[in-house]
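Student: Please take a close look at the central sheet and how its strands pair. Then place that part in its surroundings, step by step.

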Amino acid sequence: MDPLGATISGLLDGFASGAFSSEEAVRAFADRIEAHNGKLNAVLDFDPAHALEQARAIDARRAQGHDLGPLAGVPIAIKDNICRRGELTTCCSRMLASYRPPFDATVIRRLHHAGAVILGRLNMDEFAMGSSNETSCFGPARNPWDLERSPGGSSGGAAAAVAASLAPTALGSDTGGSIRQPAALTGVVGLKPTYGRVSRYGLVAFASSLDQIGPFGREVADVARVLSVIAGRDPMDSTSVDRDVPDYLAALESKPDRPLRVGLAREFFSEGLDPEVESAIREAARVFEAEGATVSEISLPNSKHAIPAYYIVAPAEASSNLARYDGTIFGHRAEDFEPKTDAEKDLPALIRMMMASRAEGFGPEVTRRIMLGTFVLSAGYADRYYVQALKVRRLIRDDFDRAFQNVDVILGPTSPVPAFKVGEKLSDPLAMYLLDVYTGPANLAGIPGISLPGGLTKSGLPIGIQLQAPAFAEETLLRAARIFERATDWHTKRPGLV
Amino acid sequence: MDYDIIIGLEIHVQLQTESKMFSACGTEFGLPPNTQTDPVSLGLPGTLPVMNGKAFDLALKTAIAFGADIARFTKWDRKNYYYPDLPKNYQISQYDLPFSTGGALPIPERKDGGGGGSVRLTRIHLEEDTGKMIHAAGGLSEVDLNRAGVPLLEIVTEPDLRDPADARGCLEELRLTLRYLGVSDCEMQEGSLRCDANVNLHITKDDGSKVATPIVEIKNMNSFSAVEKALRYEIERQFEKWKDDGLTIKDAPKETRGWSDPDGITKPQRQKETAADYRYFPEPDLVPVEVDDAWIARIREEIGELPMARRRRFESEYGLSPYDANVLVEQGQDVADYFDAVARETGEAKLASNWIQQDVLRVIKEKRLPLADFPVGPAALADLINRVKNKQLNTNQGREVLAAMIETGKPADAVIAEGGYGLIGDRDELAAVVAATIEANPKALDDLAGGKKKPEAVKGWLRGQVMKRTQGKADPQLVVELLEARLAELGH
């Protein structure tokens, strides 16, 4: 048995049967990272020593017959915006190039408690702002299905790493599709949980009311296992919700009382949807019907407003969340902040230092969103933009509430297009923003969504299908995803390249 | 020309909590810079605020005590600005839905008969305090974040105050009330109570028409007397300035001036060129707070008798003078409680008041003791007062016994037994001492007969001699009576 090809279940079986140890598994992934990451740029400055040490400790405990956690010995890679004590956590920004948090994110504590082995940190768009991993200060991650192409973003490194078997599973974060879209573009499973299901403590904030940490895996069971570990109320995050955490893995194979009701929103099939993606979605609907589900058309009439609303709310919160990076206490500090223009001569040195530090520390996309967010919150504009966007957000939530009165899950595309070429959209922010058209609404509404492999294009690129469910209905969502996965073999396809 | 003074206050009060408003680190004052910090109060990337429930309780207590309306739904907002006094570059505050609106602060009556009534409250909201900037010489600034994140109440009044003395009185009453409530220690020197004042004048011109002077916000007032002095100065300054340039509220924007205590003047402070745009929006890292009836009821139960009510009760229940009632109440709740206990135990409120004011308060002031550490509890003091009342001791003896009780911590009976205190209450015994004293001092009788000295002086001297012979143990009233009787027998 080869740990590299295994799902989490496969790894746990391998550990239990003695087919391989955790140390051997970690070494296999470390070797694979060593061999292939140069092409993919998915994992950042990985040193396996600490992971191997952790793995050996787990192996020793296993040998002594100790009770081990549900992810004992399982390697997991972490997006570079989730804090780990003493480890670099840079958000792939020059601004945080030297930030080593003095604390662990709650999800990291929970992973440690569950026996998981942290494999390393993963490339991402700068501060999670981007849909292609191209805004990273460490350069773009590459899609293992075609190295010319982007793995999507912002959790591009996580998706690429899991797709290329550099890690069996990974944690990403999803603010407008940043887990689901790269999962779709790389042919892996990516889950964005309900807002409040997973603690955000230790996730470097992009847009606090939208951000949610979630797992990547090769199959639905992988993300169910990780979710069971990381979900739950955290006193350190007031927005985490106090609800029981069910056994999501058990939910996968449970038999519901009545057939699954799948909704297909009329609005999904609009301009901009790639025909091959559209046919994959229609095929997926047929698969669900063949599996005994009912499929009906629903409407999400306000979904067309989701992108404008999203690109007001998210930058507004980001402009405030990122205000702290000014070079005073932390963040990159410019060495030269002498006045460059006459206007700057009148400014206090402190302000000039902040301005120069921010100008140097942030890349263009982050700068664009900070400016956008600052504008939409400004006096005289807030009512027209920010307040209006909050109203739209409410309407979008209402749309979902109405739809979920009649269906259990909503089926649709994750991304309107399959993986695109690196550089193709970077110069056109609007085209990049439109990639979030199918994923942004779930963040605005706070509901869970999952992307799973649902086909390949003629040219051999993965197509993701998305399922969405009501808030805290992750069991239903995962069960539905498992129904599709059981009936298809798309999740077994791996990129031939590496 | 006459004018009305228009004053409104903006008061900041630090709440007395163990931990900060949104993080677990400590709040103790006066520690080395930046030692009361943690990842949350430093705003480290990845951290999140969590509301301090105790702080919210104290805030509710304050608002309820002043009769404010408590919002059933309140939320947090971010006030965005770039300044290193808060490392996040935003302050978590409350903008459009403060937890409390309305209510009123009492204005104490002044000795000159003015004052009284109350000043309406516009709103009270809760926020996190900012750090302290110390602008050192050479253009360098230092940042101390110990204060950053300490729970802070902002109390805004309507412009209802008409006299600087009332502004001061109202603040002093606020401090007393908040101390009774255990909400804050309100030390202006330490900054746990801070006050800015808005002031202008409504001038009635000789022709009967009215104008208002431009509003000035006075900052940097670090004591109650500074508040009163700064307002007095500013009123005078505004009136003179108006007489000079005639500028009214319509001609000039609001000005910010800082009070300089050593100079006794207000000085203009640097104005922001443009109005600050704080880009308020709801704080997404915190959930709104919903306050229900049960919560309000629980807090209401924790609110004891407030100073105003207590003064009135001391006057009506015990017949104390307004002066005495005030002295006892304004020492703080512990002293008022102590008095209540002694007065009830002895049934002698005036005696209790005298003993407490003249002895207990003097000693705790001299020894700088909190009342809780004063060795004589209310029951012990009541016991002593009862002995004086029952003539077991005279007042001087009582004082000596109390001094010994404070010194040794022993109860009155032990001190009396050890010190041989006690009054000679027996008529015959004392009559014998009186007779013997007169016999031993024939010159005194001569003086009385000779008329050279005033009889009262001679009698007083004889009383002293009797007390001397009894080592101070004679009941003074009985001595007077027996001395008069014996002198009468002797024909004087």
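Tutor: Two strands are taken as paired if DSSP finds at least two bridges between them. What follows describes a predicted model.

The part to look at is strand 10 of chain A, residues 449-456. Strand 10 belongs to an open sheet of 11 strands in chain A, with mixed pairing and the order 1-3-2-4-6-5-10-11-9-7-8. The edges of this sheet are strand 1 (43-44) and strand 8 (294-298) of chain A, each of which pairs on one side only. Reading the order, strand 10 of chain A stands between strand 5 and strand 11.

Take the strand 5 side first. Strand 5 and strand 10 of chain A pair in the antiparallel sense over three bridges. A:G190 has A:S451 as its bridge partner in strand 10 of chain A. Strand 5 of chain A, residues 189-192, also pairs with strand 6 of chain A, residues 212-217; that pairing is antiparallel and runs over two bridges. Here A:G190 appears again, with A:F216 as its bridge partner in strand 6 of chain A. A:G190 therefore has a bridge partner in strand 10 and another in strand 6 of chain A, where a pair of strands needs at least two bridges to count.

Two helices of chain A pack on this sheet. Helix 9 (residues 275-290) touches strand 7 (261-265), strand 8, strand 9 (409-413), strand 10 and strand 11 (462-468) of chain A. The direction of helix 9 makes about 150° with that of strand 9 of chain A. Helix 17 (residues 474-487) of chain A packs on the sheet as well, touching strand 9, strand 10 and strand 11. The direction of helix 17 makes about 10° with that of strand 10 of chain A. Strand 10 of chain A is thus among the strands touched by helix 9 and by helix 17, where contact means C-beta atoms within 7 Å.

Now the strand 11 side. Strand 10 and strand 11 of chain A pair in the antiparallel sense over seven bridges. One of the partnerships puts A:L452 opposite A:I465 of strand 11. Strand 10 and strand 11 of chain A also form a hairpin, with five residues between them. In the turn, A:G460 has a positive phi of about 85°.

How enclosed is the strand? Seven of the eight residues of strand 10 of chain A are buried, so the strand is largely enclosed by the rest of the structure. The cut-off behind that statement is 20 or more other C-beta atoms within 10 Å.

The next topic is the nonpolar core. The largest one has 217 residues, and those with the most contacts inside it are A:I76, A:A77, A:L122, A:A161, A:A170, A:L411 and B:A59. Helix 10 (residues 306-321) of chain A gives the most to this core, with nine residues. A:A77 touches, leaving out residues up to four places away in sequence, A:V43, A:L119, A:G120, A:L122, A:A158, A:A161, A:A167 and A:A170. A second, separate core of 30 residues includes B:V335, B:F339, B:W355 and B:I356.

Helix 10 of chain A returns at the contact between the chains. This contact takes 33 residues from chain A and 24 residues from chain B. On the chain A side, the elements that give two or more residues are helix 10 and helix 13 (364-377). The largest share of that side, three residues, comes from helix 10 of chain A. By class, the side of chain A that touches chain B has 19 nonpolar, nine polar and five charged residues.

Domains give the wider frame. The domain assignment of chain A gives domain 1 (3-256 + 478-492) and domain 2 (305-388). The C-alpha centres of these two domains of chain A lie 31 Å apart. Domain 1 of chain A puts 20 residues into the contact, and domain 2 of chain A puts in 17 residues. The domain 1 side of that contact in chain A has 11 nonpolar, seven polar and two charged residues.

Terms used
Residues are numbered from 1 along each chain as its sequence is written. Chains are lettered from A and ligands numbered from 1 in the order in which they are written. This is a predicted model: local features need pLDDT of at least 70, side-chain atom pairs count only at pLDDT 80 or more; totals for chains, interfaces and linings use all residues. Helices (H or I, at least four residues) and strands (E, at least two) are DSSP runs, numbered from the N terminus. Axes are lines fitted to C-alpha atoms, for helices over the stretch in contact, and angles run from 0 to 180 degrees between N-to-C directions. Domain bounds come from an automatic or database domain assignment. Ala, Val, Leu, Ile, Met, Phe, Trp, Tyr, Cys and Pro count as nonpolar, Asp, Glu, Lys and Arg as charged, and the others, Gly among them, as polar. A nonpolar core is a set of buried Ala, Val, Leu, Ile, Met, Phe, Trp, Tyr and Cys residues joined through C-beta atoms within 7 Å. A residue is buried if 20 or more other C-beta atoms lie within 10 Å of its own, exposed if 12 or fewer, and partly exposed in between; C-beta atoms are placed from the backbone.
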